[in-house]
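Colleague: Please take a close look at one part of this model, the shell around the ligand. What is the make-up of that shell by class, and which elements give residues to it?

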Amino acid sequence: MSLDGKIADAQRGAARFSAAADLAHLEEKVAAADGVLFGGGTLRAYGTTLSVRSPDLLAQRRQRRQRDQPVQIVWSPSGNLDPQLRYFQQPVPRGLVTTAAGAQRWAETDLFDTVWVVPEAQTQPWDWPWVLAQFKQGGIHHLALLGGGRLTAELLGCRCVHEIFMTVCPLILGGATAPSPVEGAGFLAAVAPRLQLLSHRVVADEVFLHYRVRPASPEVGGGS
Ligand SMILES: NC(=O)c1ccc[n+]([C@@H]2O[C@H](COP(=O)([O-])OP(=O)(O)OC[C@H]3O[C@@H](n4cnc5c(N)ncnc54)[C@H](OP(=O)(O)O)[C@@H]3O)[C@@H](O)[C@H]2O)c1
């Protein structure tokens, strides 16, 4: 994100402002995961997803007996995604989390290897613990969440995020409509997720932060 807390500019396009060290850091996190989850807004902005390319990281995956690429999963309730996006040509396993109506759009294609259809009753609000349990049944134990802000708000709201890696980049984007790391309705300060800083690192002008999300406190959060 930019120093002023934006993850893209006001045109909500792809964010390509971070340096090579940050991209390598991101690839490392993707390479550690069994699955990668991102929102439809993010896929529409980028058109592609980040696959593992580093020979070292690929070798480490093989050593851990993971398949070469994590499953690249998009969350799109409507399923309204352009099949011409480059993502659909990338040599990665693809997954879709959607509604019954969204799944219907893809029924005649084999562009997704796995489609998780979430029953309507579990989409108001979205029952992420249930979705994550389905992933687990499919062998996805370690999931990397790549944003955008709407999807991150969903998972944070369900207390489904355990660690956060944030890179602060040396630019200022501003703009009321530019997306931030967490959108949605927001959290009141009294019940906001609280974090513990695990590490920080500086590479050139970027700051790499690693936080643990503290378990919700029953007194203030009311969650588990
Ligand atoms: N800097 C970074 O590291 C980074 C990382 C990721 C993303 N980004 C940026 O974040 C932006 C995308 O984030 P985002 O929060 O817009 O999307 P998102 O979290 O990627 O996806 C949002 C999903 O929410 C659904 N949705 C539900 N209610 C919605 C509503 N009222 N309006 C729109 N969508 C709604 C949409 O479903 P449907 O598919 O059914 O429409 C969409 O797929 C892009 O600009 C991207 O570049 C930056």
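Modeller: By class, 11 nonpolar, 9 polar and 3 charged residues make up the shell around the ligand in this predicted model. That shell holds 23 residues, and the closest to the ligand are G13, T42, R44, S76 and S78.

Polar backbone atoms also face the ligand. A polar backbone atom of L151 is 3.0 Å from a ligand oxygen. For G149, a backbone N or O atom lies 3.2 Å from an oxygen atom of the ligand, and for P77 the distance from a polar backbone atom to a ligand oxygen is 3.4 Å. The ligand taken alone exposes 930 Å², of which the protein buries 73%. Two or more residues of the shell come from each of α2 (40-46) and α6 (149-157). The most are given by α2, with 6 residues.

Next, the salt bridges, of which the count is 2. In one of them, the side chains of R12 and E183 meet at 3.6 Å, N to O. R12 sits in the segment before α1 (20-32) and E183 in the loop between β6 (163-168) and β7 (195-203), so this pair ties together parts 171 residues apart in sequence. R12 is partly exposed, at 37% relative accessible area, whereas E183 is buried, at 18%. In the salt bridge between R62 and D68, the side chains meet at 2.9 Å, N to O. R62 counts as partly exposed at 49% relative accessibility, and D68 is partly exposed with a relative accessible area of 33%.

Conventions. Residues numbered from 1 in each chain as written. Predicted model: local features only at pLDDT ≥ 70, side-chain atom pairs only at ≥ 80, totals over all residues. Heavy atoms only, no water. Near = heavy atom within 4 Å. Polar contact = N/O pair within 3.5 Å; in protein donor to acceptor, adjacent residues only side chain to side chain. Areas by Shrake-Rupley, 256 points an atom, 1.4 Å probe, with all protein chains shown as cover. Helix = DSSP H or I, 4+ residues; strand = E, 2+ residues; numbered from the N terminus. Nonpolar A, V, L, I, M, F, W, Y, C, P; charged D, E, K, R; others polar. Salt bridge = Lys/Arg side-chain N within 4 Å of Asp/Glu carboxyl O. Buried < 20%, exposed > 50% of the residue type's maximum accessible area, 1.4 Å probe, protein only.
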